[in-house]
Every structure is written in structure tokens, then in C-alpha cells.
Amino acid sequence: MRDVIILGSTGSIGVQALDVIAANPDRFRVVGLAAGSNRAAVAEQAAAFRVEHTAFGAEESAALVRDVRADVVLNGITGSVGLGPTLAALESGATLALANKESLIVGGELVTAAAAPGQIVPVDSEHSAIAQALRSGTPEEVRRLVLTASGGPFRGRSRDSLASVTPREALAHPTWDMGLVVTTNSSTLVNKGLEVIEAHLLFDVPYDRIDVTVHPQSIVHSMVEFVDGSTIAQASPPDMRLPISLGLDWPNRVAGVGAPLDWSTASQWTFEPLDEAAFPAVALAKRVGEAGGTYPAVFNAANEQAVLAFHEGRVGYLGILDTVERVVDSHDGGELTLEGVLEAERWARRAADSLLSASAG
Ligand SMILES: NC(=O)C1=CN([C@@H]2O[C@H](COP(=O)(O)OP(=O)(O)OC[C@H]3O[C@@H](n4cnc5c(N)ncnc54)[C@H](OP(=O)(O)O)[C@@H]3O)[C@@H](O)[C@H]2O)C=CC1
Ligand SMILES: CC(=O)[C@@H](O)[C@H](O)COP(=O)(O)O
Ligand SMILES: [Mn+2]
């Protein structure tokens, strides 16, 4: 029996994790639940799963993780506010099933250095796919990682044609049903940029050996190319319950957690290069990843502010990435300490907000 704390229990990841747990009561037990502010939903979940410990907000979430013993902490919080809970989970010695990619990206080596080998199990579908593919092969045998991207709702569009897209259009993800921020980030390809940094930090592969290919069906979740020219890809229908279940009990598989692929009907899996002119986010993310230090935190914080402004009607769609790029370009770098990261984030949010209010005015 594995005792599980779920942070972000009311969100897309959290609710799907509870589905997995409800279907496997002999295997998992929920011992803590935390969310942002949705007290009614958490109360319902706590009653359904007989959970005594609940928390609200990032500070209380981190405190819950420190106070309640668990085998695994699933961090399904959205945004870099998940950094404190991620560090608390690592300090507690529990396995960290990590969906909250932002905490790893902004904390960088602060997070990886706090983790024991194997303590972080990726839940992000691409990174779970890579972790599964890496179960065969040694690090020296890996030539490159290839992350798949759905391409989002605007695949095939030119950059100019994106100027007038609405929040509703940006939230129409072709293959996944996810929260607002990650869905918006998928549409701009910022999600894929964040995932390239995430892959570098998790698997210690240099940026020039991490590629992105556009795969609109979201069935191949990513691939590892080995030195002998062999590529191992992980494929399954797009359903986060599979990587969530692996995060909860790595490396063991949970029978029946997802439907298998249907090989009895004709289907096509396609791959195409990313249009970097229309979607410059991946190149920008590689640049900030290479720069290191506080650059990834600045990239992410500026994006969080710009995404919020877009949904509040304060900036147009192209303004999201323009803002991020301008904030990154005006950053002077900073030391990778916890205080350095938090200060860089505060600076980036202020810088982004000032650009965003200028563009609204
Ligand atoms: N959804 C998916 O399929 C995938 C998601 N991810 C990643 O997983 C993470 C969660 O995404 P998703 O589930 O889609 O997001 P959602 O927006 O659906 O859920 C976010 C969760 O975080 C909670 N939360 C928000 N702010 C705070 C805070 N300040 N302190 C504590 N909890 C907070 C919310 O609580 P409340 O409801 O109270 O606001 C909610 O439970 C993101 O990092 C995303 O990139 C990665 C791969 C796939
Ligand atoms: C399900 C998942 O892992 C998301 O992060 C996914 O990657 C979004 O899809 P795209 O960013 O490829 O559109
Ligand atoms: Mn992903």
C-alpha cells in the first residue's frame, strides 16, 4: 500500500490521480489533499477518500507535505508557486511524482541537487515516455531525446494570422483536456519550450541533443534515439492516467489504467518539423535554458503574467511571447539560490506587468 499526498487535487491532474487511486484501493491510499482555494471540492474529495489532512495555498501545501508521512507526493499544482511544495516533498524523502514542471524549471539545479537518484518521477507525458524508453539502455548509449508536440490548435498557421486569436480558440486543444495555463502554453508552444528545459534537467542531456517534432495525434509521447540508430518510442492513447499511475508507483505498471491502442482499424501517425518562425517559443526556451541561472525562472514568470493578461483581455495573443522575449532580453542574470530565483521572479513579473499595461494603454 502506498500512501499518497495530492497537491493540486482539484485540477485536471489531481482529479485524474484520484480516479486512478479510486480504481486501485488495494494499492494506493490518499493521506493528504491540497489545492489553491476550492474548499468545497477539497471537502468533497476528503470525505470520499476519508482524508484527514487538507491544505490551501502553496505555503500550507508545503507544510502539509512536511507534517504528513507519505510514500509519494504528487505535485499537480499549476505554476512556479509549486516550487516550495516540490522542495518540501524532496526534503521529506518521499517520491516526488512531478506534474508541476514549472517548479523544476525555475528551481533548476536547486531542485535536482535536492533530489536523491530516482526520487523525482516525471508525470508530464513526454518525460514519462522518455523515462519508460530509458528503462532499456545506459546513459552513454543515448544519442538524443525527441519530444513530441501536438502543435496545438494553431498548427499550420502563420505568425501574422495569430494576431487576432481569442482565449476561447487558444483553449481548444486538439488532443488533451487540461487546465487553462498549460493549455494556453500548448497553443503558443511555450509548453514545449518548458518541456525541453524539463528534459534537460531530468535526464542530463545537453540542449543540442534534445529535439522537438510535431505529432498532431499525441499518441507517440516522446522518443529516445540510441547511438546505434535505434529509436524507442512510447505510444498510448492520450490519457494522463497512464503517466500518473507510473508516477504513483514507479516503475510498476497499474493494470487497466488506460485503454490500449486499437490496431484493428486504419490509422496514421504523422510527424512534421516545428515551424519555428510561427512558433519561436522553443528556440527562446533553449536559449534561456543554455543561459541557465535565473533565466528559466524569468522566462516562466513573464509567461505566467502574460498568459493571465491574455485571458483577462489585457494583451493580444502575439503579445504573450513578445512580452516574454522582451523580459528575457532585459534580464541581467542572477545567482541560482532560492532567494535569487524568487527575486528574479518578482523582477520578471513586475517587468512583464509594466510592458503589459503599456500595451493595454
Ligand atoms: N492537465 C494535464 O493533462 C497536464 C498537466 N501538466 C502540468 O501539471 C500541472 C497542473 O496542471 P493542471 O492539472 O492541468 O492544472 P489545473 O489548472 O487544472 O489545476 C491546478 C491545480 O493547482 C491548484 N492551485 C492553483 N494555485 C495554487 C496555489 N497557489 N497553491 C496550491 N495549489 C494551487 C488548483 O487549486 P484550485 O482548484 O483551488 O484553484 C488546482 O488544484 C501544471 O504544471 C501543468 O503544466 C503536465 C502534463 C499534463
Ligand atoms: C499531456 C501533456 O503532457 C501536456 O503537457 C502536453 O504535452 C500538451 O500537449 P502539447 O504541448 O504537445 O500540445
Ligand atoms: Mn507534456
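## Sheets, core and ligand shells

Strand 8 (residues 210-214) pairs with strand 11 in the antiparallel sense, over two bridges; two strands pair if DSSP finds at least two bridges between them. Helices (H or I, at least four residues) and strands (E, at least two) are DSSP runs numbered from the N terminus. This is a predicted model, in which local features need pLDDT of at least 70 and side-chain atom pairs count only at pLDDT 80 or more, while totals for chains, interfaces and linings use all residues. Residues are numbered from 1 along each chain as its sequence is written, and chains are lettered from A and ligands numbered from 1 in the order in which they are written.

**The mixed sheet**

Within the pair just described, Thr213 stands opposite Pro273 of strand 11. Both strands belong to an open sheet of five strands with mixed pairing, in the order 10-9-7-8-11. What is special about the places of strand 10 and strand 11? They stand at the edges, and each has a single partner strand, so one side of each has no neighbour in the sheet.

**Strand 4 and the nonpolar core**

Strand 4 (residues 72-75) pairs in the parallel sense with strand 1 (residues 2-7) over four bridges. Four bridges also join strand 4 to strand 5, and these two run parallel as well. Leu74 of strand 4 has a partner in each: Ile6 stands opposite Leu74, and in strand 5 the bridge partner of Leu74 is Ala97.

Are the two faces of strand 4 covered or open? Both are covered: Val72 and Leu74 on one side, and Val73 and Asn75 on the other, are all buried. A residue is buried if 20 or more other C-beta atoms lie within 10 Å of its own, exposed if 12 or fewer, and partly exposed in between, with C-beta atoms placed from the backbone.

Leaving aside neighbours within four places in sequence, Leu74 is in contact (C-beta atoms within 7 Å) with Val4, Ile6, Leu7, Ala17, Ala97, Ala99, Gly247 and Leu248. Leu74 and Val73 are also among the residues with the most contacts inside the largest nonpolar core, which has 107 residues; Val4, Val298, Ala302 and Ala306 are the others named. Helix 13 (residues 295-311) gives the largest share of this core, 11 residues. Such a core is a set of buried Ala, Val, Leu, Ile, Met, Phe, Trp, Tyr and Cys residues joined through C-beta atoms within 7 Å. In soluble globular proteins, nonpolar side chains tend to be buried together.

**Helix 7 and ligand 2**

How many of the nine residues of helix 7 are buried? Nine of nine are, and the helix counts as mostly covered. They run from Ser125, Glu126 and His127 through Ser128, Ala129 and Ile130 to Ala131, Gln132 and Ala133. Among the elements that cover the buried residues of helix 7 are strand 6 (120-122), strand 7 (142-149), helix 10 and helix 11 (241-249). Strand 9 (220-226) and strand 10 (231-235) of the mixed sheet also take part in this cover.

Two residues of helix 7, Ser125 and Glu126, are in the shell around ligand 2. Among the others in that shell are Asp124, Trp176, Val182, Asn191, Lys192 and Met240. A residue is near a molecule if its C-beta atom lies within 6 Å of it. Helix 7 (125-133), helix 9 (180-188) and helix 10 (190-203) each supply at least two residues of this shell.

**Ligand 1 and its surroundings**

Which of the 30 residues around ligand 1 come nearest? They are Gly11, Gly36, Asn38, Met178 and Gly179. Helix 1 (12-22), helix 3 (57-67), helix 5 and helix 9 give two or more residues each to this shell. In an unreviewed UniProt entry, the feature "binding site" includes Gly11, Gly36, Asn38, Asn100 and Gly179; such annotations may be inferred rather than shown by experiment.

The table sets two of these residues beside Thr54.

| Residue | Place | C-beta neighbours inside 10 Å | Class |
|---|---|---|---|
| Gly36 | loop between strand 2 (28-35) and helix 2 (39-49) | 17 | partly exposed |
| Asn100 | loop between strand 5 (95-98) and helix 5 (101-107) | 27 | buried |
| Thr54 | strand 3 (residues 53-56) | 18 | partly exposed |

Not counting residues up to four places away in sequence, Gly36 touches Phe56 and Gly57. With the same kind of neighbours left aside, Asn100 is in contact with Asn75, Gly76, Ile77, Gly82 and Thr86, and Thr54 with Leu33, Ala34, Val42 and Ala46. The C-alpha atoms of Thr54 and Gly32 are separated by 5.7 Å, although the two residues are 22 residues apart along the chain.

How values were computed. Two residues are in contact if their C-beta atoms, placed from the backbone, lie within 7 Å.
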